[in-house]
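Here is a short report on one protein chain. It moves from strand pairing to the core, then to single residues.

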Amino acid sequence: MVETHWDALRGREVRYRDHTWELTGDVTVRDSGTVVSLGAVQTDDVRRRSARLQFDVAGPSSLNPGSLGDVFERLERDGGTLTLVVETDGRRYRYRLTRLAYE
């Protein structure tokens, strides 16, 4: 597991499970790069619960957790699917949002 911060994510809002989440920029990469977990705070509830949005790799290869840096490129929404796109060393990786874990 590797923890980092992608400042370009901080403050971005996403909708998931009928709630609005503001990303903190805190990132955890797990399982040899196949899972990316983003820190988030629920903004449409007065409790402002903290959670981790879990993205699973959507392709044959994944990030190398040993050399992350600030590799965030964009978030894409296709219908009900949210995809995190990251790019490093000329390679592009796509991760689909699959679950949420409250902290």
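Two strands pair if DSSP finds at least two bridges between them. Phe55 shows such a bridge position: this residue stands opposite Leu97 in E8. The model is predicted.

**Overall build**

The protein has eight strands and zero helices. From the N terminus on, the order of elements is β-β-β-β-β-β-β-β. The radius of gyration is 13 Å, close to the 13 Å that the globule rule gives for 103 residues, so the protein is as compact as a globular protein of that length. Along the principal axes, the C-alpha trace spans about 40 × 30 × 20 Å.

The accessible surface comes to about 5,700 Å². Carbon and sulfur atoms hold 41% of that surface. Buried residues make up 41% of the 103 residues. Among contacts with a separation of 6 or more, 47% join residues 24 or more positions apart.

**Strand pairing**

Strand E3 covers residues 19-30. Its partners include E1, E2 and E4. The table lists strand pairs, each with one pair of facing residues.

| Strand pair | Sense | Bridges | Facing residues |
|---|---|---|---|
| E1 and E3 | antiparallel | four | His5 and Asp26 |
| E2 and E3 | antiparallel | four | Glu13 and Glu22 |
| E3 and E4 | antiparallel | seven | Glu22 and Val41 |
| E4 and E5 | antiparallel | seven | Leu38 and Leu53 |
| E5 and E8 | antiparallel | seven | Phe55 and Leu97 |

Glu22 appears in two rows. This residue stands opposite Glu13 of E2, and its bridge partner in E4 is Val41.

Follow the pairs and a path emerges. E3 pairs with E4, E4 pairs with E5, and E5 pairs with E8.

Two hairpins deserve a look. E2 spans residues 13-16. The hairpin of E2 and E3 has two residues between the strands, and Arg17 takes a positive phi near 50° there. E4 spans residues 35-42. The hairpin of E3 and E4 has four residues between the strands. In that hairpin, Asp31 takes a positive phi near 50°.

**The nonpolar core**

Which residues touch the most other members of the largest nonpolar core? They are Trp6, Val36, Leu53, Phe55, Leu63 and Leu84. This core counts 25 residues. E2, E3, E4, E5 (50-57), E7 (81-88) and E8 (91-102) each supply at least two of them.

Take Val36. Leaving out residues up to four places away in sequence, Val36 touches Val27, Thr28, Val29, Leu53, Gln54, Phe55, Leu63, Leu84 and Tyr95. Of these, Leu53, Phe55, Leu63 and Leu84 are also among the core residues named above.

**Thr28 and Thr4**

Is Thr28 buried or exposed? Buried means under 20% relative accessible area. Thr28 has 4% relative accessibility, so this residue counts as buried. Thr28 lies in E3. Its side chain makes a polar contact of 2.9 Å with the side chain of Arg52. Beyond its neighbours within four places in sequence, Thr28 contacts Met1, Val2, Glu3, Val35, Val36, Ser37 and Arg52.

Thr4 sits in strand E1, residues 2-5. The relative accessible area of Thr4 is 25%, so this residue is partly exposed. Thr4 and Thr28 are 24 residues apart along the chain. Their C-alpha atoms are separated by 6.4 Å. The strands that hold them, E1 and E3, pair in the antiparallel sense.

**Gln54**

Gln54 is in E5. At 7% relative accessibility, Gln54 counts as buried. What does its side chain meet? A polar contact of 3.1 Å joins the side chains of Gln54 and Ser37.

Gln54 also touches residues from elsewhere in the chain. Not counting those up to four places away in sequence, the list is Val35, Val36, Ser37, Arg96, Leu97, Thr98, Arg99 and Ala101. Val35, Val36 and Ser37 fall in E4, residues 35-42. Arg96, Leu97, Thr98, Arg99 and Ala101 fall in E8 (91-102). E5 pairs with E4 and also with E8.

Val35, Val36 and Ser37 come up twice in this account. They are among the contacts of Thr28, and Gln54 touches them too.

How values were computed
Residues are numbered from 1 along each chain as its sequence is written. This is a predicted model: local features need pLDDT of at least 70, side-chain atom pairs count only at pLDDT 80 or more; totals for chains, interfaces and linings use all residues. Side-chain values use heavy atoms; hydrogens and water are left out. Buried means under 20% relative accessible area, exposed over 50%, partly exposed in between (1.4 Å probe, protein chains only). A polar contact is a pair of N or O atoms within 3.5 Å; within protein, one must be able to donate a hydrogen and the other to accept it, and residues adjacent in sequence count only if both atoms are side-chain atoms. Contact means heavy atoms within 4.5 Å. The radius of gyration is taken over C-alpha atoms; the globule rule is 2.2 Å times the number of residues to the power 0.38. Accessible areas come from the Shrake-Rupley method with a 1.4 Å probe; for residues, only the protein chains shown count as cover. A nonpolar core is a set of buried Ala, Val, Leu, Ile, Met, Phe, Trp, Tyr and Cys residues joined through side-chain atoms within 4.5 Å.
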